[in-house]
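Colleague: I would like a close look at one part of this model, taken slowly and in one piece. Please keep to what can be read from the coordinates.

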Amino acid sequence: VQLQASGGGLVQAGGSLRLSCVVSGTTFSGKAVGWYRQAPGKQRELIAAIGTMGRTDYPNSVKGRFTISSDNAKNTVYLQMNSLKPEDAAVYYCQIDPNNYWPEPDFGFWGQGTQVTVSS
């Protein structure tokens, strides 16, 4: 199983980015999927998730600005990020967790991460 994340880059505050995570070796259909981020000196945090029943959720820090979605035909998960803030800067990771109804960081498979930098 491999996950390939892409789409990160440098963006001005208020701008948008769309991250992609292409999955190979398995399908994410019916599995929990998550996007995490980790900023320097901080713990990795779950910032968008799709549960096995299709429910999505976000922490308050990104709710209303970030949207997780998936394209089964392309076996790809997306993270649309709007109204970006300097505090959104981090390395973003995608994850598939086939073991749980909701993504758990100690399980599943991870992508390599993609850097998001937000200038003020």
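How many disulfides does the count come to? Please start there and work outward to the strands around that part.

Modeller: This is a predicted model, and everything below should be read as computed from it. The count comes to one disulfide. It joins Cys21 to Cys94, with the two sulfur atoms 2.1 Å apart. The torsion about this S-S bond is about 70°, so the disulfide is right-handed. The pair links distant parts of the chain, since Cys21 sits in strand β3 and Cys94 in strand β9, 73 residues apart. Both cysteines are buried.

From Cys21 the natural next step is the strand that holds it. Strand β3 covers residues 17–24 and pairs with strand β8, residues 76–81, in the antiparallel sense over six bridges. Two positions show how the pair is aligned. Leu17 of the pairing stands opposite Met81 in β8, and Arg18 has Gln80 in β8 as its bridge partner.

Ser20 is also found in β3. Its relative accessible area is 15%, below the 20% cut-off, so Ser20 is buried. Setting aside neighbours within four places in sequence, Ser20 is in contact with Gln4, Ala5, Ser6, Trp35, Thr76, Val77 and Tyr78.

Just ahead of this strand is Gly15, in the loop between β2 (9–12) and β3. With a relative accessibility of 18%, under the 20% cut-off, Gly15 counts as buried too. Its contacts, again leaving out neighbours within four places in sequence, are Met81, Asn82, Ser83 and Leu84. A separation for orientation: the C-alpha atoms of Gly15 and Thr114 are 17 Å apart, and the two residues are 99 positions apart along the chain.

The pairing of β3 with β8 belongs to an open sheet. This sheet has four strands in the order β1-β3-β8-β7, with antiparallel pairing. Its edge strands are β1 (2–6) and β7 (66–71), each of which pairs on one side only. From one strand to the next, the twist averages 15°. As general background, strands of a sheet pair through backbone hydrogen bonds, either parallel or antiparallel.

On the other side of β8 is β7. Six bridges join β7 to β8, and the two run antiparallel. Within this pair, Ser70 has Val77 in β8 as its bridge partner. The two strands form a hairpin with four residues between them, and Asn75 in the turn has a positive phi of about 50°. As for burial, five of the six residues of β8 are buried, so β8 is largely enclosed by the rest of the structure.

Several of these strands also feed the largest nonpolar core, which has 28 residues. The residues with the most contacts inside this core are Trp35, Ile47, Phe66, Ile68, Leu79, Met81 and Tyr92. Elements that give two or more residues to the core are β1, β3, β4 (32–38), β5 (45–50), β7, β8, β9 (90–97) and β11 (114–119). Both strands that carry the disulfide, β3 and β9, are among those elements.

Ile47 gives a view of the core from one residue. Not counting residues up to four places away in sequence, Ile47 touches Trp35, Tyr36, Arg37, Asp57, Tyr58, Pro59, Val62, Phe66, Leu79 and Tyr92. Of these, Trp35 is also in contact with Ser20, which brings the description back to strand β3.

Technical notes
Residues are numbered from 1 along each chain as its sequence is written. This is a predicted model: local features need pLDDT of at least 70, side-chain atom pairs count only at pLDDT 80 or more; totals for chains, interfaces and linings use all residues. Side-chain values use heavy atoms; hydrogens and water are left out. Two strands pair if DSSP finds at least two bridges between them. Axes are lines fitted to C-alpha atoms, for helices over the stretch in contact, and angles run from 0 to 180 degrees between N-to-C directions. A nonpolar core is a set of buried Ala, Val, Leu, Ile, Met, Phe, Trp, Tyr and Cys residues joined through side-chain atoms within 4.5 Å. Buried means under 20% relative accessible area, exposed over 50%, partly exposed in between (1.4 Å probe, protein chains only). Contact means heavy atoms within 4.5 Å. A disulfide is a pair of cysteine sulfur atoms within 2.5 Å.
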